[in-house]
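Work through the exercises below with the structure open. Try each task before reading its solution.

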Amino acid sequence: MASGGTRAAVPAAAEPSFLTARRERAVRLSETLELPQFKGQPGWEFTDISALDLDAYAPAPATSNGASAQPTERPAIFEPDATAELRQLDAGAPVLSGELPAGVIVTSLEQAAREHPELVEPYLGTVVPGDDVFVVRNDAGFRGGAFVYVPAGVALQRPILLTAVQAHTGTELDRRTLIVLESGAQAEVWEQYLSATDELDGVFNTVVELVVGPNAGLRFVSGQDLAERSWVFGTHRAEVGPDARLDWVALGFGSAHGRVRMETRLGGRGAEARVTGAYAPHARQHIDFTTTQEHAAPDTTSDLAFRGVLQGRSTAVWRGNIIVDPGAQRTDAFQESRNLLISKRAHADAIPGLEIQANDVRCTHAAAVAQVDPDQLFYLRSHGLPEDVAKRLVIEGFLSALVERFEAGPTREVLAETLDRRLALILGD
């Protein structure tokens, strides 16, 4: 049986008292928590982690600054034209390259806690749930991490890239990210999770907190392409303030098993969120995304679209929920999940849900799972295209709906190239 185990706190030199206290609380709480059981806990009915023995994975080791900058065997998911990159290898000290505008902070979360406690303490742990077993393990064990702070009124012209690489097999890497945009700030942050080798067997446990202040705008692009022997668990949550906008993209390519939660809370009047997700598993991979759009204030808008392409004997589940809190009148929310099975043995589940506690709202959802349309293939083949080319065009058209959610420019180009490379891999091009 899987067990949460006791998570030992990771000692750190000159750690501020508030962070030490968080770690100590997490260790105590971890002694009372068990891993969720397959079909025994809501939200875990489709993802069996009974084979996971967390005690068999040692904490990811710390490495030197120089090692953090070394290349790995596996390529990056994306390489935008970034103004700066913060790169971390295992639990080593992250390395920052590039230049930042005045007032913008990009550093490890541990360093930010020491040097800017007034910016970290008010937010750390306030966005994600504190009783989740994976969040608790992350609280106790994360090292390094990433902290991005954009002061009020500052607009970044190019994105910030955050890269976390797990290099040692048989380890658990707890990755923690906190991004804070003050009032009126504008920024684009890309974060990618990678394995150093194809054969790496590890646990990657990531927690992300996004704080988007009043009138601010954040585009957050997150992707994982871990080795296909690894486990991934993610708890990602955003708090969006009045008249603020969040544009969130999630790409799920790697790992063997796991589950990622993506939750958006629209906490201020006029807040907007657009969430776009894509996954493309093959072989025996299993992908699990659970999304929540919580409307906690009136006059808020959310739009979520996920699309999956499944090859081989892979499986995927998307479970989405729109929550409208009491008093959140004039909510406008939409969610959809569409899956394309390009193998007869692939399987996908798409489960939308609504919890509405206000009477002046517009909330809709859609979900579909289908094989490649034979009529479309016949049409293309009747015009002289080989079957493999015809199938590739149908799949590209299916995914293009996601790319077209973005305006023409660097973001759209990078996403299109990323999806094209993944498609080439699972189709064996």
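## Exercise 1: Phe289 and the nonpolar cores

**Task.** List the contacts of Phe289, leaving aside its neighbours within four places in sequence. Then place Phe289 in its core.

**Solution.**
Step 1. The model is predicted. Beyond four places in sequence, Phe289 is in contact with Ala250, Gly252, Val260, Met262, Tyr279, Phe306, Val317, Trp318 and Arg319.
Step 2. Turn to the largest nonpolar core, which has 52 residues. Leu210, Leu218, Leu246 and Phe289 are the members that touch the most other members.
Step 3. Find the main contributor. Strand E9 (residues 203–212) gives the most to this core, with 4 residues.
Step 4. Look for another core apart from this one. Such a core exists, with 34 residues, and Trp190, Ala305, Leu419 and Ile426 are among them.
Step 5. Set this against the general trend. In soluble globular proteins, nonpolar side chains tend to be buried together.

## Exercise 2: The largest cavity

**Task.** How many cavities of 30 Å³ or more are there? What lines the largest cavity?

**Solution.**
Step 1. The count is 6 cavities of 30 Å³ or more.
Step 2. The volume of the largest cavity is about 110 Å³. Its lining has 13 residues, and Ser222, Gln224, His236, Val260 and Phe289 are the closest to its centre.
Step 3. Assign the lining to elements. Two or more residues each come from strand E10 (217–225), strand E11 (231–240), strand E12 (245–252) and strand E13 (257–266).
Step 4. Sort the lining by class. The cavity has 8 nonpolar and 5 polar lining residues, and no charged ones.
Step 5. Link back to Exercise 1. Phe289 is one of the residues closest to the cavity centre, and Val260, also in that group, is in contact with Phe289.

## Exercise 3: The largest pocket

**Task.** Which residues lie nearest the centre of the largest pocket? Which elements each supply at least two residues of its lining?

**Solution.**
Step 1. The largest pocket holds about 420 Å³ of space.
Step 2. Its lining has 24 residues. Gln157, Glu188, Arg219, Glu407 and Thr411 lie nearest the centre.
Step 3. At least two lining residues each come from E8, E10, E12 and helix H8 (410–427).
Step 4. Sort by class. The lining has 11 nonpolar, 5 polar and 8 charged residues.
Step 5. Put the two linings side by side. The pocket lining includes 8 charged residues, whereas the cavity lining has no charged residues.

## Exercise 4: Strand E6 and helix H5

**Task.** Is strand E6 (residues 160–166) mostly covered or mostly uncovered? Name its partners, then examine H5.

**Solution.**
Step 1. E6 is mostly covered, with 7 of its 7 residues buried.
Step 2. Split the strand by face. In a regular strand the side chains alternate between the two faces of the sheet. One side of E6 carries Ile160, Leu162, Ala164 and Gln166, the other Leu161, Thr163 and Val165, and all are buried.
Step 3. Find the partners. Strand E2 (residues 84–89) pairs with E6 in the parallel sense over 6 bridges. Leu86 has Leu162 as its bridge partner in E6.
Step 4. Strand E8 (residues 186–195) also pairs with E6 in the parallel sense, over 7 bridges. Here the bridge partner of Gln166 is Ser195.
Step 5. Turn to helix H5 (residues 133–141). Of its 9 residues, 9 are buried. Among them are Arg137 and Asp139.
Step 6. Identify the cover. It includes helix H1 (17–30), strand E7 (171–181), E9 and E11.

## Exercise 5: Three loop residues

**Task.** Locate Glu182, Asn215 and Ala283. Decide whether each is buried, partly exposed or exposed.

**Solution.**
Step 1. Recall the cut-offs: buried is under 20% relative accessible area, exposed is over 50%.
Step 2. Glu182 is in the loop between E7 and E8. Glu182 counts as partly exposed because its relative accessibility is 24%.
Step 3. Its contacts beyond four places in sequence are Tyr123, Tyr149, Val150, Pro151, Ala152, Gly213 and Ala216.
Step 4. Asn215 lies in the loop between E9 and E10. At 44% relative accessibility, Asn215 is partly exposed.
Step 5. Ala283 lies in the loop between strand E14 (272–279) and strand E15 (286–295). With 39%, Ala283 is partly exposed.
Step 6. Check phi. Most residues other than glycine have a negative phi. Asn215 has a positive phi of about 60°, and Ala283 a positive phi of about 50°.

Terms used: Residues numbered from 1 in each chain as written. Predicted model: local features only at pLDDT ≥ 70, side-chain atom pairs only at ≥ 80, totals over all residues. Heavy atoms only, no water. Buried < 20%, exposed > 50% of the residue type's maximum accessible area, 1.4 Å probe, protein only. Pairing = 2+ DSSP bridges. 1 Å grid on protein atoms, 1.4 Å probe; cavity = no way out; pocket = protein on both sides within 12 Å on 5 of 7 lines; lining within 4 Å. Points joined across faces, edges and corners; volume = space filled by probe spheres on them. Nonpolar A, V, L, I, M, F, W, Y, C, P; charged D, E, K, R; others polar. Core = buried A, V, L, I, M, F, W, Y, C linked by side-chain atoms within 4.5 Å. Contact = heavy atoms within 4.5 Å.
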